[in-house]
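Let's take a look at where charged side chains pair up in this protein. Have the sequence and the model open while you read.

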Amino acid sequence: MKKTGAFFAFATLILFTAFMGCKKDESEEMIDILTSKNWKFGMVDKNAATNPAGTNIYFAVPECEQDDIFTFRTDGTVLRAYGTKKCAGNDATNKTVNYSFDKQTRELTIDGVKYTVAEENKTQFKYFQVTPGTTGVNNTIYLLQ
């Protein structure tokens, strides 16, 4: 009987260790999602329930940027490939900038500009920037899909 109890205790310990050892930390999961595909600006929020509290406005994506593609790389850079629609006649075809993520604060920094991540999944990546407004604070929400 003691052998059976010891076996179950040992098996439970092994299973617990295996599950805890396989868990990724939050920044790895966010990075995995962000680097999993090429993204474009989203036009329609697929999950408004994850919006921050306060007055929210969505980034109005200019028509000339709607076909741009963003590729986040695991080396901390993001490549923006400008689409065929150009905002100015002499626009470059690509631009690479740095990005980082702080899992404690959920702060995403892209090319030195700080945002807060509100949602990340394979279909939508939502982040926002707090901006002072005339009637309080506004959140400008950006969508990548």
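## Salt bridges in the model

Asp45, Glu119 and Lys126 are linked together in a network of salt bridges. Keep in mind that this is a predicted model. Why do such pairs form at all? Side chains of opposite charge can pair when their charged atoms come close.

Within that network, Lys126 and Glu119 meet through their side chains, at 3.8 Å from N to O. That fits the cut-off, because a salt bridge needs the nitrogen and the carboxyl oxygen within 4 Å. Are these two residues buried or exposed? Lys126 has 0% relative accessibility, so it counts as buried. Glu119 has 8% relative accessibility, so it counts as buried as well.

Now step back: how many salt bridges turn up in a search of the whole structure? The search finds six. Here are three of them, with their N to O distances:

| Salt bridge | N to O distance |
|---|---|
| Arg80 with Glu65 | 3.3 Å |
| Arg80 with Asp68 | 2.9 Å |
| Lys126 with Glu119 | 3.8 Å |

Arg80 shows up with two partners, so let's see where everyone sits. Arg80 is in strand β3, and Asp68 is in the loop between β1 and β2, so their salt bridge ties together parts that are twelve residues apart in sequence. Arg80 and Asp68 are buried.

The other partner, Glu65, also pairs with Arg80. Strand β3 covers residues 77–81, while Glu65 sits in the loop between β1 (55–58) and β2 (69–72), and the two paired residues are 15 residues apart. Glu65 is buried, just as Arg80 is.

Definitions and conventions: Residues are numbered from 1 along each chain as its sequence is written. This is a predicted model: local features need pLDDT of at least 70, side-chain atom pairs count only at pLDDT 80 or more; totals for chains, interfaces and linings use all residues. Side-chain values use heavy atoms; hydrogens and water are left out. Helices (H or I, at least four residues) and strands (E, at least two) are DSSP runs, numbered from the N terminus. Buried means under 20% relative accessible area, exposed over 50%, partly exposed in between (1.4 Å probe, protein chains only).
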